[in-house]
Amino acid sequence: MVDNRYATALVIGSVLSLLATVYLSVAVGTQHWYQYSCPPVKREGSNASELREEFFNGEFDEKTYSETMFRLNGTLGLWWRCILVPSQSHWFKEPDPKMETQCVSFTLPQQFRPKYKYPGIHNNEEDLLRTYLWRCQFLLPLVSLALVFLGGLVGVCACLCRSFTPTLGVGVLHLLAGLCTLGTVCCFLAGVDLLQQYSPPPEGVEGSLGWSLYLALISFPLQMMAAALFLWAARSHRKNYTRMTAYRVA
């Protein structure tokens, strides 16, 4: 028999875990982690067609795509890099074309390519810190989602077995998932800051955090609260069960 307090804690923790998983999944799959905005004058002066062609079909180079994002209001995510370009018209050239966002994904080999202290020059010293920060920001959210999924499986098995003991493991898994989510955000912000130190944006170009990053930030406290509820319910139930057993023996 499970006390109503423990059952309520499990339900609330499950809802928080589900919300955190949805938020983190959306954050990982979208590109609005960091965004650049440049003055309209610079956008008009740049050759958007050439920059777009180089951005999508040119050789993968961190300095090249970063400079293109600076000049074309780019956005950066964990899996995507995007730019804002005029929509193509097949019939005539519009004087004030409609702007649209076009994206290209980072391939798996690109995610694990080394980073250099001076982007664009591949024969210089490798920047191990930025290299591993980039790899961690790619791997940690996947680990976080996997831990939450594993915790859900453990919870389902606990319900089927009518056992409260595995709830402690569910809480620990959510705690580790929350730490991985926080690590993702920290690695991303540190990587962007280091990149801008080596390759600063041009004057007038401003960078800001996007809503995808805020979704990941929101998922962190949700996972931690879910972990706290699961751990509290497991520990309190165990204490109560021990007291009841001792009372019956006495």
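User: A cavity is a set of points, on a 1 Å grid over the protein atoms alone, where a 1.4 Å probe fits but cannot get out, and its lining residues have an atom within 4 Å of a point. This is a predicted model, in which local features need pLDDT of at least 70 and side-chain atom pairs count only at pLDDT 80 or more, whereas totals for chains, interfaces and linings use all residues. Residues are numbered from 1 along each chain as its sequence is written, and side-chain values use heavy atoms, with hydrogens and water left out. Which element gives the most to the lining of the largest cavity?

Analyst: The lining of the largest cavity consists of Glu 62, Leu 76, Lys 115, Arg 130, Trp 134, Gln 137, Phe 188, Gly 191, Val 192 and Leu 195. The elements that give two or more residues to this lining are H6 and helix H7 (167-198), where helices (H or I, at least four residues) are DSSP runs numbered from the N terminus. With four residues in the lining, the element that gives the most is H7.

User: At which residue does H6 bend?

Analyst: Helix H6 covers residues 128-161, and its 34 residues reach 47 Å from the first C-alpha to the last, close to the expected 50 Å, a span of 1.5 Å times one less than the number of residues. The bend, the angle between axes fitted to the seven residues ending at a position and the seven starting there, is about 25° in H6, with Pro 141 following within four residues of the bend at Gln 137.

User: Which residue caps the N-terminal end of H6?

Analyst: The candidate lies in the loop between helix H5 (108-111) and H6, and it is buried at 5% relative accessibility, buried meaning under 20% relative accessible area with a 1.4 Å probe and protein chains only. Its side chain reaches the backbone nitrogen of Arg 130 at 3.3 Å, and a polar contact (N or O atoms within 3.5 Å, one able to donate a hydrogen and the other to accept it) of 3.4 Å joins it to the side chain of Tyr 198. A side-chain oxygen also lies 3.2 Å from the backbone nitrogen of Leu 129, and the capping residue is Asp 127.

User: How far apart are the end C-alpha atoms of helix H1?

Analyst: Helix H1 takes in residues 4-29, and among its buried residues are Tyr 6, Ala 9, Gly 13, Leu 16 and Ser 17. An α-helix has 3.6 residues a turn, so residues three or four places apart point the same way. At 1.5 Å a residue the 26 residues of H1 should span 38 Å, which agrees with the separation of its end C-alpha atoms, 38 Å.

User: What is the phi of Asn 73, and is this residue buried or exposed?

Analyst: Asn 73 has its place in the loop between helix H4 (62-71) and strand E2 (75-76), and its C-alpha atom is separated by 8.7 Å from that of Val 205, 132 residues apart along the chain. Most residues other than glycine have a negative phi. Asn 73 has a positive phi near 50°, and at 14% relative accessibility this residue counts as buried.

Notes:
Buried means under 20% relative accessible area, exposed over 50%, partly exposed in between (1.4 Å probe, protein chains only). On a 1 Å grid over the protein atoms alone, a cavity is a set of points where a 1.4 Å probe fits but cannot get out, and a pocket is an open set with protein on both sides within 12 Å along at least five of seven lines; lining residues have an atom within 4 Å of a point.
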